[in-house]
Amino acid sequence: MDVLILRLIHIGAGAFWVGAVFTFFLFVQPAAIAVGPEATKFTYQLLHHRRLPIWIFASGVVTVLAGLWLLVITSNGLDPEILFSASRLGYTVGGVAAIVTLGVGGLYVLPRTRITERTIGTLIAEGRPPTPEEQQTLARVGREGRQAGWIVLIGLTIAIASMATAQYWPVVIG
């Protein structure tokens, strides 16, 4: 595949991934919490019908896979001398941060959004308020998701900053 096309895929998917994560964790989620129970249908629409968490995760997967493919192509098959040279270290650090972030999102955040989606779906289908157990579950899962969300935000910031400043790493390191 042409490197230019691969870069466009990497950048486009990455822009969506980062933008969606930042928008969801910094704006949508806090607004839904502030609104309270009235936000239940809106949240369910995002999680279940629009499948926002799946789209976010899929864009992360596409970003990471395209980035890895680019790294393989531009580093002569992941040659350690090239990967860890001063001129490439920013890309390597950014790639590792993105992979770790994708892992946290896929293994920790996504399952919690599924629990929230199922619980809210049950409440809407049955037309009732949450039981005390369901309230505790939603509160716990929400708290855990927000904590993990900050880890994801920090990881994506490290990935972006590392790659955006990669051209300056030889000056700083060398």
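Colleague: Before we start, what counts as a helix here?

Modeller: Happy to begin there, and do keep in mind that this model is predicted. Elements are numbered from the N terminus. A helix is a DSSP run of H or I, with a length of at least four residues.

Colleague: Thanks! In which helix does E144 lie, and is E144 buried or exposed?

Modeller: E144 lies in helix α6. Buried means under 20% relative accessible area. The relative accessibility of E144 is 17%, so E144 counts as buried.

Colleague: Which residues does E144 touch, not counting those up to four places away in sequence?

Modeller: Let's set aside the residues up to four places away in sequence. What E144 then touches is Y108 and R112.

Colleague: Let's turn to open space. Which element gives the largest share of the lining of the largest pocket?

Modeller: The largest pocket has a volume of about 860 Å³. Lining it are 34 residues, with T40, T43, T116, I120 and L138 the closest to the centre. Two or more lining residues come from each of α1 (3-35), α2 (40-49), α5 (89-126) and α6 (132-164). The largest share, 8 residues, is given by α6.

Colleague: How do the residues of that lining divide into nonpolar, polar and charged?

Modeller: Here we sort the lining of the largest pocket by residue type. The split is 19 nonpolar, 10 polar and 5 charged.

Colleague: And which elements give two or more residues to the lining of the second largest pocket?

Modeller: This pocket has a volume of about 670 Å³. Its lining holds 24 residues, and H10, G67, L70, Y91 and M163 lie nearest its centre. By type, the lining is made up of 16 nonpolar, 6 polar and 2 charged residues. The elements giving two or more residues are α1, α3 (52-74), α5 and α6.

Colleague: What about the largest nonpolar core: which element supplies its largest share?

Modeller: The core has 19 residues, and W17, V21, F25, I56 and L156 touch the most other members. At least two residues come from each of α1, α3, α5 and α6. The largest share of this core, 6 residues, comes from α1.

Colleague: With which residues is I56 in contact, leaving aside neighbours within four places in sequence?

Modeller: I56 is one of the core members just named. With those neighbours left aside, its contacts are F16, W17, A20 and V21.

Colleague: Last one: how far apart are the C-alpha atoms of I173 and V61?

Modeller: I173 sits in helix α7 (residues 169-173). With 48% relative accessibility, I173 counts as partly exposed. Along the chain, I173 and V61 are 112 residues apart, and their C-alpha atoms are separated by 30 Å.

Note on methods. Residues numbered from 1 in each chain as written. Predicted model: local features only at pLDDT ≥ 70, side-chain atom pairs only at ≥ 80, totals over all residues. Heavy atoms only, no water. 1 Å grid on protein atoms, 1.4 Å probe; cavity = no way out; pocket = protein on both sides within 12 Å on 5 of 7 lines; lining within 4 Å. Points joined across faces, edges and corners; volume = space filled by probe spheres on them. Nonpolar A, V, L, I, M, F, W, Y, C, P; charged D, E, K, R; others polar. Buried < 20%, exposed > 50% of the residue type's maximum accessible area, 1.4 Å probe, protein only. Contact = heavy atoms within 4.5 Å. Core = buried A, V, L, I, M, F, W, Y, C linked by side-chain atoms within 4.5 Å.
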